[in-house]
Amino acid sequence: MIDVIFVFLHNQFYGMKTVIKNIAELIQTEKNPKQWVAGKEMSKLNTIKDAFLEITNGLISDFGSMEQWKGIEDWNNTEIIDAEGGMVFPTYCDSHTHLVFAESRETEFIDRINGATYEEIAKKGGGILNSAKKLQNTDEDKLFNDALSRINKLTHLGTGAIEIKSGYGLTIDSELKILRVIKRLKENTNIKIKSTLLAAHALPEEFSNNKAKYIDLIIKEILPKSVEENLIDYIDIFCEKGYFDVDDTKRLLKAANKFNIKGKTHVNQFNAIGGVKASVDLGSLSVDHLEEMKEEDFQALTNSKCIPTILPSCSFFLGITYSPAREMIKRGLAVALASDYNPGSSPSGNMNFVASLACIKLKMTPEEVINATTINTAYAMGVEKELGSICIGKKANLFITEPIPSYSYLPYNFGENIIKKVIINGIIQ
Ligand code: NIG
Ligand code: FE
């Protein structure tokens, strides 16, 4: 820890450089930063073989082939990292997680093995309401420490930016408790974190006969208080049969827009009920899940600034339909891929596994998957100017792999971790 602080301060005050050399292939390089990659462009991936990369003050300051490397100018102020023939990737951006939660839910997992469905478990008071009950009785410090250790694990699996939602509180106090935990995580980790208010995740029992009143509570109290305390970057709602409908979604997104807060919504997980169009029309940054898609949903997304985000770990874990990624790409859309890390439908935040699943189940190519988990998820969490690719001026959030035969080996080698070193803001973790 002291070493890390020393290197960090030294880098900050003396403009010290770090050079990574002997990189077999540098992946996802960009000359001019782009917002996202869409359609056919998703199959293009820029790389440089036999490369170096230079970091100054935590930012990427140069990169190219070893032949172009000018060598070390100032030995006293240069730290060398030898990639030893491994590849260097930009870290993953995971633009959809619920990683602040109180307890795991493996008893529901067993219920599902024995034949119950996700919907049946939720109707019996399991699911989101079960997680909310547990979180309401858990103190802030425990939530913080557990979430921090989850983030540390994910960092070592190659994730360098995470969006985190509330939604297991469902009361004003507990929703704010989660959001304050996320704020503390922002302040106490070096990865990039964005925070989303998902108070409209499920209807609390005390409002079961009055959904409008719960939406009122969110609009009139939880949302303004979250904005006032500077706790949120985005707003979310679970737009789904049995949860919240399109009118609720419109009301909430309109209210959030008044505070300049954009939507990142849960839509079309089990049923396509119009949530995509409502979200796009009201300026949402992303629509997430999309397992069930109708023609009108594709049309709403075409030529919009809203990015469809697919969560294949959720389909895998619940055994539900996989989202039609190929059709989206064929229609020229940009596709993002995130983990949906949460205790109910995706108890894993491992983006390497997301990448493998996307190849195997969504039939996306490794190039498409790398674009979908880096630059496109950076866009989906509003950080594409600072993360998501190897580009001069962007944050040096990178990982170095073991020597591997090709970049396709990463999604191919599913369930294994081939990441040897992770660098966040120029510092080895
Ligand atoms: O994204 N679908 C809504 N929310 C989560 C699951 C929440 C839970 O089961 O706890 C999701 O899949
Ligand atoms: Fe989710």
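1. Ligand 1 occupies the largest cavity of this predicted model. A cavity here is a set of points on a 1 Å grid over the protein atoms alone where a 1.4 Å probe fits but cannot get out; a molecule sits in one if more than half of its atoms lie within 2 Å of its grid points.

2. The model is predicted, so local features need pLDDT of at least 70 and side-chain atom pairs count only at pLDDT 80 or more, whereas totals for chains, interfaces and linings use all residues. Side-chain values use heavy atoms, without hydrogens and water, and residues are numbered from 1 along each chain as its sequence is written.

3. Around ligand 1 there are 15 residues (a heavy atom within 4 Å). The closest are Tyr118, Tyr168, His201, Gln269 and Ser345. By class, the shell holds four nonpolar, nine polar and two charged residues.

4. Polar side-chain atoms of two residues come to 2.6 Å: that of Tyr168 from an oxygen atom of ligand 1, that of Gln269 from a nitrogen atom of ligand 1. For Asp340, a side-chain N or O atom is 2.9 Å from an oxygen atom of the ligand. The protein buries 100% of the 320 Å² that ligand 1 exposes when taken alone (Shrake-Rupley method, 1.4 Å probe).

5. The domain assignment, automatic or from a database, gives domain 1 as 2-90 + 389-428 and domain 2 as 92-381. Their centres, taken over C-alpha atoms, are 30 Å apart. Contact (heavy atoms within 4.5 Å) takes 31 residues from domain 1 and 34 residues from domain 2.

Key: Chains lettered and ligands numbered in written order. Polar contact = N/O pair within 3.5 Å; in protein donor to acceptor, adjacent residues only side chain to side chain. 1 Å grid on protein atoms, 1.4 Å probe; cavity = no way out; pocket = protein on both sides within 12 Å on 5 of 7 lines; lining within 4 Å. Nonpolar A, V, L, I, M, F, W, Y, C, P; charged D, E, K, R; others polar.
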